[in-house]
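User: Could you take a close look at one helix for me? I'd like to know how it sits among its surroundings.

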Amino acid sequence: MKRFHINFFGRIGLVLLVAVAGCTKVLDEVPRSIYTPDYFKTEKGVMGGLTAMYAHLRYIYGHGYYYAGIQSGTDEATWGQNVNADSRNADFSGVGVISPTNNPYGVIWGVFSNINTASGIIENAAEVGTISAELIAEARFFRAFDYFLLVQTFGGVPLDLGAGELMFNTSTSRTSVRNTVPEVYTRAIFPDLVQAVADLPDAPRLTGTVTKTVARLYLAKAYLTYGWWLENPQNIPTYPAADRVDPDGQTAQWYFQQAYDMAVEAIDNPGPYALQPYFYDVNLGSNDRNSEMLLYADHTEKSDLYNGDNVTGWGAGNSPGSFAPWFPTWNYTDLRSSTSSSSFAAMSSVQREAVQPLGRPWTGVAPTHELIIDMFADKINDSRYDGTFTTVYRGNWHKNPNDAHHTVVYNANNLPVGQGEPILTFLDEDPGTITYPSGAGDNNVGAGVIPGRSDWVIAPEGISRIVYPNLWKLGPYRTDNGNGLGEMNVTYTRPFPVAKFSELYLVAAEAAVKGAATVGGKSARDLVNVLRARAGKWRWHNNNAVEKNEDNSAAMTAATPATITIDYILDERAREYFGEGVRWYDLARTQTWHTRAATYTICGTDKGDHTPQTITRNIQPKDYLRPIPIGQLDGMEMTDAEKKAYQNPGYD
């Protein structure tokens, strides 16, 4: 397992390894190992640095080990059977421990090199004379973006990287002083984002570059998060020690109001962005980079260089390649059907394929029963469950030349199944008539049978750490599969979502719940219902693979509670963004992690285990801050006592 730890002291820039592709106007990049101070005093240097702003997203979003560490341990997910240390350690259920050395969050600490690159652009662009305020605003956005990510993960972090506060550092510095949380927000995040909102264009200069709307979303999120931090309803400790007092004299309520106002301004002035008409379309591979996608870590199937990893062959699982979606994919290739109706002659009827419902299995992160059964309770009206998971696994053996001569296979109840027909189905609810085998059974995954059905079945209560629905929304999409199984073993070539236009509605709704004064037609319930109404509209049933023209929006909005609570907002966020690597930040911001994720239910690690187990987590207040990676501490020339004081409490 590789780790991405960057000691920011002495680093001047970030390796340019990636491009934002997807249309004729894309970011042009030239690989460089490091930036020099003089390079930033040229137009080429500034533009190269801006490309690096987008490049660095791919070291975080799509990074599998970070993904496992940020998903596991929440009320959404836990570790899967083919577990790695990151997923176990982050679960807080007694199977591992997060520490400075066992730390999947070290990738976040690495953004300091990008912060320094951004400072180099901001500091030197004026000297070039041909760099517009709009371009400088992109660097300001990403400097704020990175500091916002850091402060949510670690608490207060240094604003001085060796040359002065928010100054471009060109020399090695092996000492550091952490600023407080209020200092990071009020000196770095807010000023940069306010300026970015003022200077960025309404429409992106290239496909995927940031705009006013993107900056408004992150400014609203920063206001919202800082408001929670000032309020501190659960008395969660901070570090370095700081009073919960805003240096500018504002209250938590003032920041909630700013969050609401900024989010509503973005909704009312969307520029080229808009909600997709159907939830299914938001994450459909053939519709990538759609109007709802505000920011993403981009990839391509056309080039190893521009993808950040090889696009054919075997992916090793390293960033900047996108391999996070392997983790929530169970090993469906274990499924077996029979080539004979008279005796069970096993064959692999669902084979590894580079299509969105399938992909490369890792079995590292599994959804909890609470997520499947409770948060996605309405699977009839609400399209988001069908548009999030793969629940029907269809025969694709005919795409393998060695197996294509079989026109049918024999499946549950010894009934024939044709090519492309269901082999295994995760049911929406338990009908009470399933008979499960005592172990793996003929199907080799422990799935059950229902009289008269030809597909193997598993009820929601039977989902385990080894067999569970795939995360369809992040599955692979390629245009070069031909009639075969495609390139199923490489890192994925789809853009990994970072921010969506839909989040503006939930940020504004959350601020309203926290007391922000609302405008007409945009109460918390109104805002939530925009997304719920969209969720009730179907044009395609993903797992049944049939057209479905149905509008359940009235039923969806009628079912919305009259009074919206933070718990309801969090449930809606789960239904919109499950599996996208944002859940821990939602729970940490609202200080609900230790209550909402305190217990969870799932079946065990053996095939055929359909006995739910309730697991208890031990989440302490100090766990709301992640440990600073040991590589950073080892690289500093400070005494042991100073290093101990630098580290977050509880991670000695």
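Analyst: Happy to help; here is a walk along helix α14, followed by a short look at two other spots. Please keep in mind that this is a predicted model.

Helix α14 runs over residues 524-535, which makes twelve residues. From its first C-alpha to its last, α14 reaches 17 Å, close to the 16 Å expected at 1.5 Å a residue.

Is the helix mostly covered or mostly open? It is mostly covered: nine of the twelve residues of α14 are buried. Going along the helix, you meet Ala524 among the buried ones, then Leu527, Val528 and Asn529. Further on, the buried residues are Leu531, Arg532, Ala533, Arg534 and Ala535. In general, an α-helix has 3.6 residues a turn, so residues three or four places apart point the same way.

As for what does the covering, several helices take part, including α9 (252-268), α10 (279-282) and α13 (503-513). Strand β14 (537-541) also helps to cover the buried residues of α14, as do α15 (553-558) and α16 (566-577).

Elsewhere, Ser322 lies in the loop between α11 (304-307) and β3 (336-338). Ser322 counts as buried because its relative accessibility is 2%, where the cut-off is under 20%. Beyond its neighbours within four places in sequence, Ser322 is in contact with Gly62, His299, Thr491, Tyr492 and Phe496.

Finally, the largest pocket holds about 460 Å³ of space. Of its 26 lining residues, Val355, Gln356, Pro357, Arg394 and Asn542 are the closest to its centre. The lining divides into 13 nonpolar, nine polar and four charged residues, and strand β7 (residues 392-394) gives the largest share, three residues.

Note on methods:
Residues are numbered from 1 along each chain as its sequence is written. This is a predicted model: local features need pLDDT of at least 70, side-chain atom pairs count only at pLDDT 80 or more; totals for chains, interfaces and linings use all residues. Side-chain values use heavy atoms; hydrogens and water are left out. On a 1 Å grid over the protein atoms alone, a cavity is a set of points where a 1.4 Å probe fits but cannot get out, and a pocket is an open set with protein on both sides within 12 Å along at least five of seven lines; lining residues have an atom within 4 Å of a point. Grid points are joined across faces, edges and corners, and a volume is the space filled by probe spheres set on the points. Helices (H or I, at least four residues) and strands (E, at least two) are DSSP runs, numbered from the N terminus. Ala, Val, Leu, Ile, Met, Phe, Trp, Tyr, Cys and Pro count as nonpolar, Asp, Glu, Lys and Arg as charged, and the others, Gly among them, as polar. Buried means under 20% relative accessible area, exposed over 50%, partly exposed in between (1.4 Å probe, protein chains only). Contact means heavy atoms within 4.5 Å. The expected span of a helix is 1.5 Å times one less than its number of residues.
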